[in-house]
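User: Could you walk me through this model? I would like to go through it piece by piece, with the cut-offs spelled out as we go.

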Amino acid sequence: MNKAYLLIGGNVGNRLQNLARAAKIIQENCGKITLFSSVYETAAWGLEDQPAFLNQALELETSFSASELMSRLLWCEEEMGRKRMEKYGPRIIDMDILLFNNEIHISSHITVPHPALPVRRFALVPLNEIASSYIHPVLRKTIHQLLEECADKLDVNKYE
Ligand SMILES: Nc1nc2c(c(=O)[nH]1)N=C(CO)CN2
């Protein structure tokens with residue numbers, strides 16, 4: 001069985017409901033979610049003139065390969081009505097693979113570990129809640145260490 005860590009997030013429509021729907025669709029199509037982080041709210045990163053995002057990290061047990069999981073997550077995003085859009089722009093849902101076992105994949109289809117993970121607080125904070133001692137297979141540091149060293153200072157707040 002493979003273990004993957006995902007980040008889901010969005011800033012359009014009923015954000016909380018969209019996260020719950022995303023988790024359900026992922027469970028139905030990709031494997032079993034074994035841990036959920038809290039939900040966090042962050043100002044939009046990258047393109048600032050848009051609503052704040054909600055983000056959540058998930059631990060997923062899956063029998064699919066990293067590449068097959070990626071294809072399935074793209075299908076799940078489409079199922080939720082996501083359209084192709086502007087880079088960093090507003091979206092109903094995003095489903096990203098942050099880590100997949102200790103594997104390293106670099107291709108046009110999939111890049112794992114997610115290359116932006118070390119520079120995005122909105123990904124590291126939720127991931128740290130469920131995988132703080134996980135060692136990043138490229139950087140050889142724990143998620144906790146990466147969070148401490150992260151230069152991104154965007155506030156990431158628990159959404160309650
Ligand atoms: N806070 C936050 N900002 C973002 C996010 C996201 O998930 N959270 N996703 C984006 C799409 O690439 C662009 N900016």
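**Burial, rings and backbone**

Analyst: Helix α3 is mostly covered, since 9 of its 11 residues are buried, where buried means under 20% relative accessible area, exposed over 50% and partly exposed in between, with a 1.4 Å probe and protein chains only. Helices (H or I, at least four residues) and strands (E, at least two) are DSSP runs, numbered from the N terminus. This is a predicted model, in which local features need pLDDT of at least 70 and side-chain atom pairs count only at pLDDT 80 or more, while totals for chains, interfaces and linings use all residues. Residues are numbered from 1 along each chain as its sequence is written, and side-chain values use heavy atoms, with hydrogens and water left out.

User: Which residues in α3 are buried?

Analyst: The buried residues in α3 are F122, A123, L124, V125, P126, L127, N128, I130 and A131.

User: And what about strand β5, how many of its 7 residues are buried?

Analyst: In strand β5, which covers residues 94–100, 6 of the 7 residues are buried, so the strand is largely enclosed by the rest of the structure. Strand β5 pairs with strand β1 (residues 2–10) in the antiparallel sense, over 6 bridges; two strands count as paired if DSSP finds at least two bridges between them.

User: Which residue is the bridge partner of L7 in β5?

Analyst: The partner of L7 there is D96.

User: Switching to rings: how many aromatic pairs are there?

Analyst: The structure holds 3 aromatic pairs. One of them is Y5 with Y134, an edge-to-face pair at 5.1 Å centre to centre with 75 degrees between the planes. For the cut-offs, rings of Phe, Tyr and Trp (its six-membered ring) pair if their centres lie within 6.5 Å, and planes under 30 degrees apart count as stacked, over 60 as edge-to-face and the rest as tilted.

User: Where do Y5 and Y134 sit in the chain?

Analyst: This pair links distant parts of the chain, 129 residues apart, with Y5 in strand β1 and Y134 in the loop between α3 (121–131) and α4. Y5 is buried at 2% relative accessibility, and Y134 also counts as buried, at 16%.

User: Why is the pair of W45 and F122 edge-to-face?

Analyst: The ring centres of W45 and F122 are 6.3 Å apart and their planes stand at 70 degrees, so the pair is edge-to-face. This pair, too, links distant parts of the chain: W45 is in the loop between β3 (40–42) and β4 (53–62), F122 is in helix α3, and 77 residues separate them. W45 is partly exposed, with a relative accessible area of 24%, whereas F122 is buried at 12%. Together with Y88, W45 and F122 form one aromatic cluster.

User: How many disulfides does the structure hold?

Analyst: The structure holds 0 disulfides, a disulfide being a pair of cysteine sulfur atoms within 2.5 Å. In the case of C30, the closest cysteine sulfur is in C76 at 4.1 Å, which is too far for a bond. C30 is buried, with a relative accessible area of 1%, and C150 is buried as well, at 2%.

User: Now the outside. Which residues form the nonpolar patch on the surface?

Analyst: The patch is formed by I104, I106, V138 and L139, with about 400 Å² of accessible area together. Patches are made of residues with over 30% relative accessible area and no salt bridge, where like charges are joined within 9 Å and nonpolar side chains (Val, Leu, Ile, Met, Phe, Trp, Tyr) within 5 Å. A salt bridge here is a side-chain nitrogen of Lys or Arg within 4 Å of a carboxyl oxygen of Asp or Glu, and accessible areas come from the Shrake-Rupley method with a 1.4 Å probe, for residues with only the protein chains shown counting as cover. Within the patch, I106 is found in strand β6 (residues 105–106) and is exposed, at 74% relative accessible area.

User: Last topic, the backbone. Which peptide bond is cis?

Analyst: The bond from V112 to P113 is cis, with omega near 0 degrees, and P113 is placed in the loop between β7 (111–112) and α3. Phi is positive in N101, a residue other than glycine, at near 45 degrees, and likewise in R140, at near 60 degrees.

User: Are N101 and R140 buried or exposed?

Analyst: N101, in the loop between β5 and β6, counts as buried at 18% relative accessibility, while R140, in the loop between α3 and α4, counts as exposed at 65%.
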